[in-house]
Each structure stands twice: as C-alpha cells, then as structure tokens.
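Colleague: I have a model open and would like to talk it through with you. Can you put it up for both of us?

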2 protein chains.
Amino acid sequence: MALPMVSEGRFGIAAPEGFGATAVHAGVKRRKPDLALMRSETPATAVGVFTQNLVRSPVVDVAQDQLGRGEAVEALLVVSGNANACTGPEGYEDTLRLRASVARRLGVRPEAVVVSATGIIGHRWPLERIEQGLERLPVHPPVEDAPLFHEAILTTDHREKSYAGAFPVGDRVVHVGGAAKGSGMIHPNMATTLGFVTTDAQVERAALLDLLREAVDETFNLISVDGDTSTNDMVLVFANGASGVRLSPREEGWEAFRAEFTRCLDTLARAVVTDGEGATTRLKVEVGGAATREEARRAARAVASSNLVKAAMHGHDPNWGRIAAALGRSGARLDPTSLSIAIDGHYYYRHGRVRPGPERIPVQEEIHVYCHLGVGEASATAYGCDLSSEYVRINSRYHT
Amino acid sequence: MALPMVSEGRFGIAAPEGFGATAVHAGVKRRKPDLALMRSETPATAVGVFTQNLVRSPVVDVAQDQLGRGEAVEALLVVSGNANACTGPEGYEDTLRLRASVARRLGVRPEAVVVSATGIIGHRWPLERIEQGLERLPVHPPVEDAPLFHEAILTTDHREKSYAGAFPVGDRVVHVGGAAKGSGMIHPNMATTLGFVTTDAQVERAALLDLLREAVDETFNLISVDGDTSTNDMVLVFANGASGVRLSPREEGWEAFRAEFTRCLDTLARAVVTDGEGATTRLKVEVGGAATREEARRAARAVASSNLVKAAMHGHDPNWGRIAAALGRSGARLDPTSLSIAIDGHYYYRHGRVRPGPERIPVQEEIHVYCHLGVGEASATAYGCDLSSEYVRINSRYHT
C-alpha cells in the first residue's frame, strides 16, 4: 500500500525526493565498491545515535560532535572495508582530512559532510587511494545509482538491506528511505551495524532525534547477532524537506510518519539479523508477562543472544529448557510456577509444567519463541539468529 | 610439595581423612556410572554457593535450604544425566523422596544428605531405577572407589577434574580434596558446573562460608564457557575434622588452608574451561590498570566470553581489535589513549598505538591475553576457551 507511492526507479535511501546516492571502487576492498556517497540536494536536518563502546572510531566522535551541534548535512560518505578504529591521533586527523576532501569535491562546507566507516580495526585508511576514488564520484549522484551505495556499504554480509516507503499528507507524499549494513567484515574483525534513513519531510531536529531514539530502542537495539558491540555503529537520519511537507509531533501526518519511520528501522534491523554471519534462520523472541518493559527487553535479548539457544535453533531442536535457563539468568523477574514457553505456537512449558510437543522445529525463515514470565503486563520482542559452524568458520579465519 | 602428603591410594574428594566415594550405574545415563555417592564418616560442617538463575532445579532449593540452616552433612548424592529442572512441584517431591531414600539406605537423617544433579532439563527422574541403584551403593564407600565418583558426575565433558592437596599444621596434616564437572551434557542441554570440596580440617561454618565465597569469586565466578548460567550450578564444601586440626581465621594454619583451598578451586575451575564443550585451547585474560576490582573483573570476563574473540582464538588469530572492542563495551572505564593489549607477551597495541607483531598465535594449551586499561591500579584474571565448530555441533544436535 505504501510502496506504489515510491517513484519508479528510486531505491532505498534515494527513494525520498532530493536525495541521490552512488559508489565507486577506491581500493579499500580488493574489488567491490567501497566508497559510498549519499547526497541531499539541499541541507538536511540530521540526527544520529552512536555506539556505546568506549573504544570508538574517530568517525563516530566526529559525526557525533557535528550532529550534536545541529549542523545541517548535505552529504554522507561511507568507507567500507576499513573501520579507521584504534588508529590513534592519526586516525582522527585522517577523518578530518577525508571530510575536508569530500567537502572540497562537492563544494560544500566540511561540517555538512558526515563520514562513516566499517571494516578492519587497527589499520589506517589508504587515504591517497580514497581521495583518488573521490575524484571519480559524481558531485550529484544520480538517483538510479542508489543500489551501488547499498552494495558498497556491505562487507561480508551477503544481501543489500534497503527500505523505501511513502505515505500521503493532504495532497502531498512523504517518502522514507533506508539503508543498512549488518554483521560481516571484509577481513573477519568487527560486526559493525550501520543504518541510514532519509526522508523528504521537513522535521525539526529535536523531534527527529526523539523519534530516532524511540524507534532505535524498539528495533536496532533489540537485535543481536553475537553480543559484540562494534566500535563504529551508528544510525543516522537525514530530513531534507524536499516533499514540501512539514511534520511535527501531534500534528497532521506525524503518526503516519512515525509508523513509516519505525517500519523502516524495523525492516532494516530484521534484515541485519537475517543476514547475520553464518545465520540460516532468524529467531524472533517475544516476551510477555514481565514486570517492566525494561525487564521484558532484557529477557528477550537474553534468549535471542544465548549461544546455547542459538545452537539449538540451528539444529531445529525445540530445546525450551535452554530458553528457561536464559530467562532465569536474564535479570528479569519471573515466577517459575507460571512461566510458559512456546515455540512456533506450541507450548512446551505452560505454567511451570512440561507438555509434550513436536520433537523438531520445521526448517523455516523465522523461528518464533514466545515466553510469558507470569509477573506483570509488560512485553518486548527481540530478534536474533542461529549459531552455526559457519559463524565460527567466518570468524576464526586468519585475518591478515 | 603438597602432593606427597596425600596418602597413597587416596584420590580427589576422598583424599582427606574420613571421606569415601563411589558410584554405580542406575540407568539415568545409558551406560556410564550415573549415581555418585560421597560419604563422610562423621558429620561434616557444610556450606555452599548456588546458581543465581531464577529458574532453578529443586535440588538447588533443597540443598540451599538445609545448608542455610546449618545442618551437618554426612553424605552427598549426585544424579548425573538428568537435572530434575523445570519439573514442577513433582520435581520438588522427587528431590525430598530421593533424599529420604538415601538417608534410609545409609542410616542417617535426611537433613544429613545433600542431593545434587546435572543433565537434561524438563524430564522427571526415573526414581524407581535410581532407588534400585541406591541399593547397590555401599553404605561406606571405600576410599579407593573415589575415581568412580569423579567419572560418574561427568556428562559430556571428557576428563575427570580432581584436586588433592595437603599441608602441615604443627605435627599434623590437613588435606583438601576436590571434584568438579564442567560444561557438557548427556543430551545437549545445560552446561552445569558442579564443584565439591572436602577437607579433614575442622572449620567453623561461618568462616568456611566466607572462605568459599571469597575463593569462588576468584575462581569459578571468573570462568566462562558460553555465558549461559545453569539451573543446577553449585559448589559445596564439607569439613569433617578427621585430621584433628581445628582451623580459624587469623590462627595457625589458616593462611595455608586458605591458599590450599583456593588452589583447589582454581585447579578445578581451570579444568572446567580446559574441558569446555568443543574447546581446543584455554584463554587466560588478565586485566590490569582498571579503576576498580569489579571493573577489572567485568573487563576480563567480557573478553573471555566474547564470541568474536573466542572464534579468533580458535583460528590462532591475534585479533587484538576484537579484544579492544570487547573491553570498550564491558562497562569498565578505560582510557583509549593509554589502552594496551598483549597476546602471549607481545604488545599488539600499546598506549593507544598499533605495533607490528607475530601474525599467528602458536598452537598451545593456553593463550595469554594481557590488557591494561590505563585508568587505575585494579586487576583481575578470567579464564575462557575458544569457540569451535565442535561447540556448535555438540549443541545443535537433536536432543531427544
């Protein structure tokens, strides 16, 4: 219903009006496109959320600083294949230099350029190669090149993760577009999560940031591939107003925007776990009956990120005992005598009692786990993926 | 130096005077011994620490209750292969019934018998078979049968984990013995950790419990195989006084006892990670320069239990970037500009700067990681193991 309103030929983060995106190969990766550019034709309101890791790439520090000061943004450059993390003061200088180079190339102020990165840790960028690559990037990337952007930001993840949606406000149409990269690396190193959202709505900065925080909490912050938080994670939003529609909380169109925005992040977040390293199935964990929302989240994440649960799901084994154990150590209060656990709609454990059930979970794209803690009314949903030998293989290969 | 004082023919938990141990096959497991009995010739002071998991086997509830009330203990029975967890009120009744059966068989009060269990979750014990097995257990297990006890408590772990030590106090000798089971399961289910320590010293209950808590915090609580806490974990200590030596804090022999006791738990804990499911190498993570002891512990455990670090260690890849990322998300304060990371004695990252180093970690029994956080003086050591495809294989096999 929303999709038909996305104009033909527009894709992902270039679905909203006034955004273009492309990528080139600069030589950070061996062969694939590795330098991705998104540009807004007019300065966009920009907000972001950033990794909580104390060991952070300087690209995170610089982006957080400039967005925190409320700088309007005209371009996003993503270096894919090298995270520029643990690179000391030189890595910080490199970030500022690259940002300035992008600004020169595009004819905008450095503060209007955000730089993001993903890839191996502990190696400085090949800056000269990257700057040579910049020269081959079009100053105004055409909308039809957007798939190249989506492809370039991937490292070892296999599938592009995109979203494009739209909704009407009066006789106008507002678009929301999104791009993400998930867990994978060109050399096994770090499962960086990047998310980028664009919209042609005009939205005031504070409201956009509130909305982003709320939506990330319900989506990206509830997924887990392996429990490791990257040095480079960021989710950024750019709102350029090209639709001519101005949106504010509690006014016309806001709820539709909020729904579309959340759907965008939800789609991207689920795409990230589906494409988790070595993943063969997605795991959806719903927890109800929790004392508080926070406890429901903790319980759902504990199950979705338990190695034992994930390995069982890999074997299509309805091993509810491991789910019970993960809930019990999650820190969420629960009542063992009313604890209930269902897998794919069948209760294997109900009000503290074992019930017979199918001995095997059928092979499918998503396995659904439902847990009721029996102590309250709060609920939450987390997404994860199974743990496969392929995950170990990917992450134990010699990295140099 | 300590070992020669252990009498010939005495092993593990039967190394101290006045303790015997044995096991039989009752039919909980298919073939191997599964019913293990330890007996003290005289009532022993007994203390324990128990799993923090809210989903707990009733054997944990019952043991914690009786030891909490200060009951002296004459026997320990371990059922191996079935955890009696998530078995509802019937599981609780089964525990009390089995405890009473053991007491009748041995001619002691039920409160003098502790029952422990490990194995699959969600299945009731085959109580009649277990009680038939009891009839074949000797009322006074001979000391030379102790290896059978050690073998019986294993599930899928491969090697018996034992300790036997001694030290002189005046012209007498005090012994400390220990047994543990680690991560593994007869059917893939739960990585229960059990630890049992015996001593022929006479020790007052409160002092013994303090010592146990302190030593467990430094040993068992700093190991991780897969981050999942079992429903059945317990570490128990039995002190029967048969050496004729009475020990109290700040009096003669106490420091030697404390050292021997801690060495016992440390040996058992390291044996547990060495024999972790699918493990091919042990990981020792020392953290220094932390702001507080608690933060040092958090940082060390975060590294030792990171899937990405563990997978890298499996591949003998000195992937210090993943170690930095794990430290950064651990919750411990650190100074990125003075952070240092060494693997096997070589600094790959020193005061926030990358340094060249060997590209491969040699194959060895233990990989040593040293991290300095650069913010304080506190330190801690954690032990883990690598993450192998074998771990996934063990834990994804169909469990019924």
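Modeller: What follows goes from the overall form of one chain to a sheet in another.
Modeller: This is a predicted model, in which local features need pLDDT of at least 70 and side-chain atom pairs count only at pLDDT 80 or more, while totals for chains, interfaces and linings use all residues. Residues are numbered from 1 along each chain as its sequence is written, chains are lettered from A and ligands numbered from 1 in the order in which they are written, and side-chain values use heavy atoms, with hydrogens and water left out.

Colleague: How many helices and strands are in chain A?
Modeller: Chain A has 10 helices and 16 strands, taken as DSSP runs numbered from the N terminus (helices H or I, at least four residues; strands E, at least two).

Colleague: And what share of chain A is buried?
Modeller: Of its 400 residues, 62% count as buried, meaning under 20% relative accessible area with a 1.4 Å probe and protein chains only.

Colleague: Switching to chain B, what is the strand order in the open sheet of six?
Modeller: The order is S14-S13-S12-S15-S11-S16, with mixed pairing, where two strands pair if DSSP finds at least two bridges between them.

Colleague: Which strands stand at the edges there?
Modeller: Strands S14 (353-354) and S16 (378-385) of chain B do, each with a single partner strand, so one side of each has no neighbour in the sheet.

Colleague: In what sense do S12 and S15 of chain B pair?
Modeller: Strand S12 (residues 340-343) and strand S15 (residues 366-372) of chain B are antiparallel over four bridges, and B:Ile343 stands opposite B:Val369 in S15(B).

How values were computed
Buried means under 20% relative accessible area, exposed over 50%, partly exposed in between (1.4 Å probe, protein chains only).
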